[in-house]
Amino acid sequence: MIYDISREIFSSEIYPGDPVPAREFVMTFEKEEPDVCQLTELTLGSHTGTHMDAPRHFFETGKTAAELDLSKCIGSCQVLSCPEQVTRQTLEKGMGPDVTRLLLKGAKELHEEAAQFLVERGILCVGVESLSVAPLSSPVKVHKLLLGAEMILLEGLVLEEVPEGRYELIALPLKMAELDGSPVRAVLRELSVG
């Protein structure tokens with residue numbers, strides 16, 4: 001079974017201050033003289049909907065979305081139910097010992113000590129359902145801790161229908177030069193038994 005854990009772009013909640021996604025039909029069948037095909041111009045922010053932060057988001061010379069290590073974006077992961085505020089104790093108690101990718105179901109934000117714990121554990125990728133892994137009131141420290149370790153940050157996931165457990169994660173950024181983040185289509189695939 002495959003779980004689509006991505007938000008639909010145009011109906012997605014927008015982080016305060018980010019551009020609202022829009023579309024304009026450049027070529028369409030709906031004209032009086034229909035075009036030969038359909039073509040749409042898109043306007044959106046690099047952190048729209050389900051998206052991935054690149055280190056460039058908080059570091060001037062950090063890697064861009066096009067430079068991310070894609071091996072961190074594909075592979076086994078754990079989905080862990082969490083309270084809205086994720087602490088180090090939550091992670092220590094719930095994470096499996098061999099986890100390298102972690103998706104936090106129900107999580108709104110990570111406390112700084114939880115972010116530090118993920119760095120210490122060598123986590124490759126962490127994801128949350130909110131539009132930011134960090135508190136809106138103080139986003140810098142948590143982002144810099146995680147992105148400074150070149151951890152992949154997935155934000156805006158949809159995990160409500162996904163049971164806790166182990167899955168294969170596939171969440172790839174678009175290959176766009178010089179960008180600080182990218183929308184992604186993220187899916188989880190159940191691991192085959194035997």
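Here's a quick tour of two loop residues and a couple of cysteines. Keep in mind that this is a predicted model. E150 and E178 both show up with positive phi values, E150 near 55° and E178 near 70°. On the cysteine side, the disulfide count comes to 0.

**E150**
- You'll find E150 in the loop that runs between α3 (140-148) and β10 (152-155).
- Its phi sits near 55°, which is a positive value in a residue other than glycine.
- With a relative accessible area of 34%, E150 is partly exposed.

**E178**
- E178 belongs to the loop between β11 (165-173) and β12 (181-190).
- Here, too, phi is positive in a residue other than glycine, with a value near 70°.
- E178 counts as exposed, at 57% relative accessibility.

**Cysteines**
- A disulfide is a covalent bond linking the sulfur atoms of two cysteines.
- To be counted as one, a pair of cysteine sulfur atoms has to lie within 2.5 Å, and by that rule there are 0 disulfides here.
- Take C82: the closest cysteine sulfur, in C77, is 13 Å from its own sulfur, so the two are too far apart for a bond.
- C82 counts as buried, because its relative accessibility is 12% and the cut-off for buried is under 20%.
- C37, on the other hand, is partly exposed, with a relative accessible area of 33%.

How values were computed: Residues numbered from 1 in each chain as written. Predicted model: local features only at pLDDT ≥ 70, side-chain atom pairs only at ≥ 80, totals over all residues. Heavy atoms only, no water. Helix = DSSP H or I, 4+ residues; strand = E, 2+ residues; numbered from the N terminus. Buried < 20%, exposed > 50% of the residue type's maximum accessible area, 1.4 Å probe, protein only.
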